[in-house]
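Q: Please take a close look at the metal site of this model. A connected account is requested, covering its geometry first and then the ring contacts elsewhere in the chain.

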Amino acid sequence: MSSHLQNPIFHDEILAREWFEARIWPNGPFCPHCGEAENVTRLNGKAHRPGVLQCNSCREQFTVTVNTVCERSKIPLTKWCMAIYLLNSSKKGMSALQMHRMMGGSYKTSWFMMHRIREAMNEGKLPGGLGGKNKVVEIDETYVGGKAKNRKNKIPPKAAVLALVERDGSVRSFHVPHVSAATLRPVIVANVNRASFLMTDEAPVYTGIGREFSAHGTVNHSAEEYVRRVFWHTNTVENYFSILKRGIVGIYHHVSETHLHRYGAEFDFRYNHRVGLGFTDMQRTEIAAAGIYGKRLTYRRAGEQPNL
Ligand SMILES: [Zn+2]
């Protein structure tokens, strides 16, 4: 089996740049400063850095990484390609330590690259985008973290994660401060189409929220009616949580609350571009790469330094 890692975009800086340009400028280059798309000139020759273009409208120069999470990075684009591919082709994610071992460089660089890639994988959430008429949206909450391992006896509190999954469709996960109708309702009504059929467990927190949707089915987790009917279940959202938890426990060991939303974005992105929906690892990687545009992540925003 020929390895995807032999793909020349991971080894040739010019090809890597062209690959990013194809992702970010599918209809041709545009100026990231003023939006000009017609009147831009590629600057060739030894006098210019590779990949520089000139905007003839605002007169600014730019490359494909301006206004992206990779801006001002000294890391070669071949390494960015590789890191985006590795994070998108590993079902449960990849630790910064593993990334660092595979790619070289410093651990800190790998750690920060990975958070920037997660930012690229963070897709916008359009209001009411989940579910609809004759569609089932499964909702459940879980707790992650809270293990003392690797934490010098300091046990972080468990963090609550709410997931909304359209059956045969997409997931949206949210870090919520705690589980109550007051914290869950705004998220659910903002993201789920009111015509949807909601499926949850019997937790009282969902009773009132359920009345705001076209129908609401509940399953009793403790009883033998775990899967009461073919359609009456929350297996989809539980399956999502099982991937998330195996990833967080097995790969990331613990995730601090500061970064939890970024890991959520990572797991949501892979789930929403999964093989079952027809995406290959490379297609998922290409879509993630397109997401680097229009986002920035500084050390300050990343919240904290690596703790390994
Ligand atoms: Zn311009």
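A: In this predicted model, the site of the zinc ion is tetrahedral, with angles of 104 to 116° among its 4 donor atoms. That assignment follows because four donors count as tetrahedral if all angles lie between 85 and 135 degrees. The protein donors are the SG atoms of Cys31, Cys34, Cys55 and Cys58, which lie 2.3 to 2.4 Å from the zinc ion. Along the sequence, the spacing of these donor residues reads C-x2-C-x20-C-x2-C.

Two of the donors can also be described by their accessibility. Cysteine 55 has a relative accessible area of 0% and is buried. Cysteine 58, at 29% relative accessibility, counts as partly exposed, because this class lies between the limits of under 20% for buried and over 50% for exposed.

The aromatic contacts come next. The count of aromatic pairs comes to 7. One of them joins phenylalanine 10 and tyrosine 85 in a tilted arrangement, at 5.4 Å centre to centre and with 50° between the planes. This pair links distant parts of the chain, 75 residues apart: phenylalanine 10 belongs to the segment before helix H1 (13–24), and tyrosine 85 to helix H2 (residues 77–89). Phenylalanine 10 and tyrosine 85 are both buried.

Tryptophan 25 and phenylalanine 62 form an edge-to-face pair, with 5.9 Å centre to centre and 90° between the planes. Here too distant parts of the chain are linked, since tryptophan 25 is in the loop between H1 and strand E1 (40–42) and phenylalanine 62 is in strand E3 (residues 61–62), 37 residues apart. Tryptophan 25 and phenylalanine 62 are both buried. Further along the sequence, Tyr240, Phe241 and Tyr271 form one aromatic cluster.

Rings also take part in contacts with charged groups. The charged end of arginine 194 sits over the ring of phenylalanine 213, at 5.7 Å from its centre. Likewise, arginine 270 places its charged end over the ring of phenylalanine 267, 4.7 Å from the ring centre.

Finally, confidence should be considered. The protein chain averages a pLDDT of 88, and 88% of the residues score at least 70. Over residues 304–308, however, the pLDDT is below 50, although this stretch has 13 contacts in the model beyond near neighbours in sequence. Where pLDDT is low, predicted coordinates should not be read in detail.

Conventions:
Residues numbered from 1 in each chain as written. Predicted model: local features only at pLDDT ≥ 70, side-chain atom pairs only at ≥ 80, totals over all residues. Heavy atoms only, no water. Donors = N, O, S within 2.8 Å, 3.2 Å for Na, K, Ca; no water. Tetrahedral: all angles 85-135°; square planar, octahedral: opposite > 155°, others 65-115°. Buried < 20%, exposed > 50% of the residue type's maximum accessible area, 1.4 Å probe, protein only. pLDDT = per-residue confidence, 0-100. Contact = heavy atoms within 4.5 Å. Phe/Tyr/Trp six-rings, centres within 6.5 Å; stacked < 30°, edge-to-face > 60°. Helix = DSSP H or I, 4+ residues; strand = E, 2+ residues; numbered from the N terminus. Lys NZ or Arg CZ within 6 Å of the ring centre and 35° of its normal.
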